[in-house]
Amino acid sequence: MMPENTTRRSIMPVLPLRGLTAFPHMMLNFDVGRDKSMKSLDDAMAKNQNIFLVAQKEIRTDNPTAEDIYEIGTVAKVKQVLRFPANNIRVLVEGVYRAKIVSVTHTEPFIEAEIEELVEPGVRENTIRCEALMRSAQELFSEYLEFAPKLAPDVMLNVISADNMGDLADLIAQSIPAKFTDKQQVLEQLHPYKRLLIVSKLLARELEIFKVESTIAGKVQEQMDKNQRDYFLREQMKAIHEELGDDDDIEGEYQSYIKKIDALSLADEVREKLVKEAGRLRKMQINSPESTVIRTYLDTVLELPWSIYTKDKLNLQNAQRVLDRDHYGMEKVKERILEFLAVKQLTPESNGQIICLVGPPGVGKTSIGKSIAQAMGRKFARLSLGGVRDEADIRGHRKTYIGAMPGRIMNAIKNAGSKNALILLDEIDKMSSDFRGDPSAAMLEVLDSEQNYAFRDHYLEIPFDLSDVLFITTANTTSTIPLPLLDRMEVIELTSYTTEDKFHIAKNHLIKKQMKKNGITSAMLRIDDAAIYKIISDYTRESGVRTLEREIGTLMRKVAKRIVADNAVKIRITERNLADFLGVEKYKDDKLSDGSEAGVVNGLAWTSVGGEMLEVEVNVTEGSGKLEITGNLGTVMNESAKAALTYVRSRVSEYGIDADFYKNRDIHIHFPEGAIPKDGPSAGITIATALVSALTGVPAKKDIAMTGEISIRGRVLPIGGLKEKTMAAYRHGIKTVIIPEDNLKDLEEIDKTVRASVSFCAVSHADDVIRCAIDLSQIKPANKEEQKTSYTPVVDETKPQGSVRGIRQ
């Protein structure tokens, strides 16, 4: 209830109070440390020592404005100011009267306002109702004093001698530890009867709280008596240890471990194990070797992030922006991560995923892991599995061994500092095994989302939940990964980069990175697009961009030297002067066969670093039917050559070949680059075509390459690695690629640039391969009745660009 009449107005400084409420006619002391508050106090001391004390609405606000404080407060007189070191001030004030803020005159360098006094309404206090309320409040306060902390002796005396309800209410409100918001309610109530009624309710509530606290304290005291006995016995043990010369800090160390264990949210099994180990440590001498083992164990376990999680950033647009900023292409990987974030939004309790990125070296498998962690807002840790051959590297060593330590998985979790980190397992295809165990078998539990919720490291001996971890593994090939382990991972293949991909990566990422690394600005250097293309084609030959980055780094160092040594202002790199910086070209485009040699056919091969094109050569000489196969070939390719030869023998009449060639001719099949081992089931149709070309003397078409396995009856069998092989064909300028018909479905995975530049001829039989690769009109068939059909590859306009069907006419 606000009165209409006021008695006085004045302008004075305002001092906001945090968690305090000042009442009229009451003494209050408090500390002042904020800059604005000090200036308000200095202004008050410079004038009439009057200051307006008002509580701020939120105690955490460090720099309150006029909107952050209540309207009603108390005008007080500053009685004493004590200044302490570190710029702290203690103030003693006495409340004078209630007042409210009419208007704020200014807020800097402190708050100053026009203050209006508030006058209590007149009330008859000699009524029975008022007398009863005052007596009830005094009795409640007397009962409260039995439980409350000691108050000044004159407080009760002032309460008993109070002769009006308003002063009594203010005195009790000042003396009880109620919330400042409740006290503010008392201060704002001007009607004495209503004010005392509010205070009586607060006092009754505080009394109930003290009674409950007293009951709890009694129970605690009983427990403390037991603890006192235990403490007394421990002190005796401590004295004994001191007499024996033991370190007196072992008990404190035990208590420290117990506090750390209690502070973590641990499962009962884990907590029981750690408390047991801490108890063992407590009973040992400080210089015991076993105590060092236990101490190291406890420190290791307690450093793990048992309940520390980072909040996932689930904004798909932001994640897409981060991934696109750091990496060019990689659409499948980015799409999979966005799918994971979308599922996480709809189902927050979904477990972590295990993704395997497979691709040639240098295509960004490792770096994309860091970008994914940044896009998701997760901690990142990387561990390399290349060359790991001991199971203990994964699961850790048992504590019985000297120098035992946790495995790499738990170390990565500890280093990441988060239970839902992103852990990159690099080179998972390069693990091996020996007499110490098979690490890939240990990885089966780590990378199984149905089992890793209770992963047990041999060193820790307690379960740790890995189900919230996002595991990303990298590999160059899946052929060396054990099938049970491969089955637990979602494989995403990263293909080799095209020339256009490398151009964009170099221009938008690598050049900027190397310029910053070598201290070169855009004002110092300009590189033409043609020069970038030349670096890619003439100085590198790779599936990824590692060598490309090294060449760009070399270029930047040459530029930096020229700028410093020759005082060059700005350098421009063009296609013509590139050799001045990088030297002569390291690679030249492989020239295709001119088509004049029979027995030479372009084959396509897959390697762990991408696709390659190999010219298969067959030479036929007079002899006794010997078959020679060279080129460092494996068992599979040797068998493919024999199957191809059997097919050719079954088709001698169709292609005008001497039926006894296998008796009176020696055949030599050769694959170039004999120093490199070669094997795999995809060279059959290439060998068969080369044999037909050599035996008929008709050259194969020079702009055709092929891949596919062959059976002894001429069936063309499907192959793998089509993306890498077609990339190699595109890089070498091949116009047509012959593929098995069963691989037509894989054309959707081919890079768009390749599909736009290369046509594909899908075949199901070796006869179709021969007709597509060799001009049959130059062959004089032995039986013309069997040579009535011809074969022409025709583009199917109804299918996506790059797909082909064969039509018989």
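**Figure 1. Glutamate 461 occupies the loop between β10 (455–456) and β11 (463–464) in this predicted model.** The backbone of glutamate 461 has a phi near 65 degrees, a positive value in a residue other than glycine. With a relative accessible area of 34%, glutamate 461 is partly exposed.

**Figure 2. Histidine 25 is placed in the loop between β1 (9–17) and β2 (27–32).** For histidine 25, a residue other than glycine, phi is positive, near 65 degrees. Its relative accessible area of 52% makes histidine 25 exposed.

**Figure 3. Glutamate 108 and proline 109 are joined by a cis peptide bond.** The omega angle of this bond is about 0 degrees. Proline 109 belongs to the loop that runs between β5 (88–106) and β6 (112–117).

**Figure 4. The rings of phenylalanine 661 and tyrosine 662 form one of four aromatic pairs.** The two ring centres are 6.0 Å apart and the planes meet at 90 degrees; because an angle over 60 degrees counts as edge-to-face, the pair of phenylalanine 661 and tyrosine 662 is assigned to that class. Phenylalanine 661 is buried, at 1% relative accessibility, whereas tyrosine 662 is partly exposed, at 29%. The ring of tyrosine 662 also has a charged partner: the charged end of arginine 649 sits over this ring, 3.6 Å from its centre.

**Figure 5. The charged end of lysine 419 sits over the ring of phenylalanine 464.** The distance from the charged end of lysine 419 to the centre of the phenylalanine 464 ring is 5.4 Å.

**Figure 6. Cysteine 772 and cysteine 761 do not form a disulfide.** The closest cysteine sulfur to that of cysteine 772 belongs to cysteine 761, at 3.2 Å; a disulfide requires sulfur atoms within 2.5 Å, so this separation is too far for a bond. The structure as a whole holds zero disulfides. Cysteine 772 is buried, with a relative accessible area of 2%. Cysteine 130 is likewise buried, at 6% relative accessibility.

**Figure 7. The side chain of asparagine 164 reaches backbone nitrogens of glycine 166 and aspartate 167.** Asparagine 164 is found in the loop between α3 (153–161) and α4 (165–175). A polar atom of its side chain lies 3.2 Å from the backbone nitrogen of glycine 166, and the side chain of asparagine 164 reaches the backbone nitrogen of aspartate 167 at 2.7 Å. When neighbours within four places in sequence are left aside, asparagine 164 is in contact with Glu125 and Met134. At 19% relative accessibility, asparagine 164 is classed as buried because the limit for that class is under 20%.

**Figure 8. Lysine 183, in helix α5 (residues 180–188), contacts the backbone of alanine 173 through its side chain.** The side chain of lysine 183 reaches the backbone oxygen of alanine 173 at 3.5 Å. Apart from neighbours within four places in sequence, the residues in contact with lysine 183 are Thr21, Phe23, Ala173, Gln174, Ile176 and Ala178. Lysine 183 is buried, at 14% relative accessibility. Leucine 202 is 19 residues away from lysine 183 along the chain, and the C-alpha atoms of the two are separated by 9.2 Å.

**Figure 9. Ile428, Met443 and Leu447 have the most contacts inside the largest nonpolar core.** This core has 53 residues. Not counting residues up to four places away in sequence, leucine 447 touches Ile354, Leu425, Ile428, Phe471, Thr473, Leu485, Arg488 and Met489. A second, separate core of 50 residues includes Ile368, Ile492, Ile552 and Ile573.

**Figure 10. Valine 363 is a buried residue in the loop between β7 (354–358) and α12 (365–376).** The relative accessible area of valine 363 is 1%. Beyond its neighbours within four places in sequence, valine 363 is in contact with Met330, Leu494, Thr495, Tyr497, Ser543 and Gly544. Valine 363 and isoleucine 59 are separated by 304 residues in sequence and by 55 Å in space, C-alpha to C-alpha.

Methods. Residues are numbered from 1 along each chain as its sequence is written. This is a predicted model: local features need pLDDT of at least 70, side-chain atom pairs count only at pLDDT 80 or more; totals for chains, interfaces and linings use all residues. Side-chain values use heavy atoms; hydrogens and water are left out. Rings of Phe, Tyr and Trp (its six-membered ring) pair if their centres lie within 6.5 Å; planes under 30 degrees apart count as stacked, over 60 as edge-to-face and the rest as tilted. Buried means under 20% relative accessible area, exposed over 50%, partly exposed in between (1.4 Å probe, protein chains only). A charge sits over a ring if NZ of Lys or CZ of Arg is within 6 Å of the ring centre and within 35 degrees of the ring normal. Helices (H or I, at least four residues) and strands (E, at least two) are DSSP runs, numbered from the N terminus. A polar contact is a pair of N or O atoms within 3.5 Å; within protein, one must be able to donate a hydrogen and the other to accept it, and residues adjacent in sequence count only if both atoms are side-chain atoms. Contact means heavy atoms within 4.5 Å. A nonpolar core is a set of buried Ala, Val, Leu, Ile, Met, Phe, Trp, Tyr and Cys residues joined through side-chain atoms within 4.5 Å.
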